[in-house]
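Biologist: Could you walk me through this one? I have some questions about how the strands and cores fit together.

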Amino acid sequence: MTTTRLPRKATVLLAGLVLAALAGCGSADKEPAEALGSAAAAARQPVKAVPAVPPGLAGMPPLLDPNDVYAADRPNRLSPVVRDFPSRVYVPNTTSNTVSVIDPATYKVIDTIPVGIQPQHVVPSWDMKTLWVNNNRGHTLTPINPATGQAGEPVEVHDPYNLYFTPNGKYAVVMASMDRELVFRDAHTMNRVKTVPVSCFGVNHADFSADGRYFIVSCEFSGELLKVDTERMEVLAQQKLPFEGAMPQDVKVSPDGKTFYVADMMAHGMWVLSGDKFDVPKLLPTGKGTHGLYVSRDSREMYISNRGEGSISVFDFRQNKLTKKWRLPDGGSPDMGGVSADGKVLWLSGRYNSEVYAIDTVTGRQLAKIPVGGGPHGLAVYPQPGRYSLGHTGIFR
């Protein structure tokens with residue numbers, strides 16, 4: 001065998017390469033341990049929690065603020081759909097079968113619109129383009145064009161005591177009080193889609209959860225509450241209010257979506273409960289004949305009409321307590337209504353006095369008392385801020 005000797009320089013170079021390779025191998029052996037150490041160190045670093053946003057009802061526009069369902073209702077934040085509508089107050093007169101139209105700038109009735117028998121509420125449609133007058137005993141809905149103030153041809157709908165819209169705009173929900181039904185209809189054509197019979201008496205008012213997946217309904221004549229699945233269109237739960245002779249009325253969810261409030265005209269206060277748990281509610285006394293619930297434009301307060309004593313209580317959401325009570329100077333029967341677009345005036349119908357009250361939301365001072373037809377009930381202040389309507393006299397999100 002012949003042996004070949006490398007030159008000295010080549011030998012030195014080769015030795016250097018071997019040492020480098022060995023060093024490289026040693027380095028490679030250390031890298032995984034170092035990497036694991038780095039990963040462990042990183043894992044020990046605090047990670048900022050990102051709150052999970054629960055999925056809402058399919059097709060429902062997402063909330064502007066997950067902590068405030070009324071974030072779209074700030075003063076004068078009118079959508080392009082309603083921005084050019086004249087500012088008016090539409091008052092359904094239950095015993096006169098008319099709607100009085102008030103100009104809020106002058107506090108004067110400027111028009112009287114004949115409608116069907118026993119109009120109960122004036123309800124903005126989900127897309128906010130139409131006002132529907134609920135003619136309860138006439139079994140019709142009268143559409144009013146808020147751009148012109150003109151009424152259109154009535155649509156046949158049986159027993160429409162009140163009207164709501166699912167948050168995705170798919171269905172109208174008719175509160176058929178005497179029929180003892182919740183009737184889901186196409187939100188545009190009003191064609192019947194599904195009828196849900198209920199065992200309670202007098203379904204009348206409601207409000208939806210923050211995610212739109214369920215709504216709470218009050219049953220006036222049997223003193224009960226229902227929890228209804230919006231998508232499945234089924235009653236999930238039912239409970240009797242813990243008060244003999246309870247007569248629940250308006251329903252409103254808190255800005256954070258965690259609490260529901262239910263006015264009760266016989267318990268003289270509002271029931272407070274968790275909508276998710278649908279637990280036994282607690283009663284917060286507010287005044288005789290508690291009836292309507294309306295949230296301020298800054299989402300801080302709620303105005304509560306006490307029909308039996310002519311007063312308005314003010315509830316502070318953050319303090320979780322009543323902070324003020326305003327009394328109408330001449331008494332009266334403040335019932336249903338709404339807040340002006342700028343948030344400065346609370347409008348309420350005087351159910352048993354054939355009048356409407358305009359009340360300053362800062363001082364509680366009565367700004368005007370306006371004569372209207374007989375039995376004024378669920379008046380609508382229009383237009384109002386918001387992106388879409390959930391119904392009643394104006395629940396906007």
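Modeller: Happy to, and the answers below go from the cores to a single residue and then to the sheets. Please keep in mind that this is a predicted model.

Biologist: Which element gives the most residues to the largest nonpolar core?

Modeller: The largest nonpolar core has 25 residues, and Phe260, Tyr261, Met270, Leu293, Met302 and Phe315 touch the most other members. Strands E14, E17, E18, E19, E21 and E22 each give two or more residues to this core. The top contributor, with 4 residues, is E18.

Biologist: How many residues are in the other core, the one with Val198 and Tyr388?

Modeller: That core lies apart from the largest one. Its members include Val198, Val203, Met233 and Tyr388. The count is 23 residues.

Biologist: Which methionines are in contact with phenylalanine 315, leaving aside neighbours within four places in sequence?

Modeller: Phenylalanine 315 is one of the residues that touch the most other members of the largest core. Its contacts beyond those neighbours also take in Arg300, Glu301, Asn320 and Lys321. The methionines in that list are Met270 and Met302.

Biologist: Is threonine 98 buried or exposed?

Modeller: Threonine 98 sits in strand E2, residues 98-103. Leaving aside neighbours within four places in sequence, its contacts include Val91, Pro92, Ile113 and Pro119. Its relative accessible area is 15%, and the cut-off is under 20%, so threonine 98 is buried.

Biologist: Which strands stand at the edges of the sheet ordered E9-E10-E11-E12?

Modeller: This is an open sheet of 4 strands with antiparallel pairing. An edge strand here has a single partner strand, so one of its sides is left without a neighbour in the sheet. The two that fit are E9 (162-165) and E12 (192-197).

Biologist: What is the bridge partner of glutamate 181 in E12?

Modeller: E11 covers residues 181-186, and 5 bridges join E11 to E12, running antiparallel. In E12, the partner of glutamate 181 is proline 197.

Biologist: By how many degrees are neighbouring strands turned, on average, in the sheet E13-E14-E15-E16?

Modeller: This open sheet of 4 strands also pairs in the antiparallel sense, with E13 (203-208) and E16 (234-240) as its edge strands. Ignoring direction, the average turn between neighbouring strands is 25 degrees.

Biologist: And which residue in E14 stands opposite phenylalanine 208?

Modeller: E13 and E14 pair antiparallel over 5 bridges. Opposite phenylalanine 208 stands another aromatic-named partner in E14, phenylalanine 215.

Key. Residues numbered from 1 in each chain as written. Predicted model: local features only at pLDDT ≥ 70, side-chain atom pairs only at ≥ 80, totals over all residues. Heavy atoms only, no water. Core = buried A, V, L, I, M, F, W, Y, C linked by side-chain atoms within 4.5 Å. Buried < 20%, exposed > 50% of the residue type's maximum accessible area, 1.4 Å probe, protein only. Contact = heavy atoms within 4.5 Å. Pairing = 2+ DSSP bridges. Axes fitted to C-alpha atoms, helices over the stretch in contact; angles between N-to-C directions.
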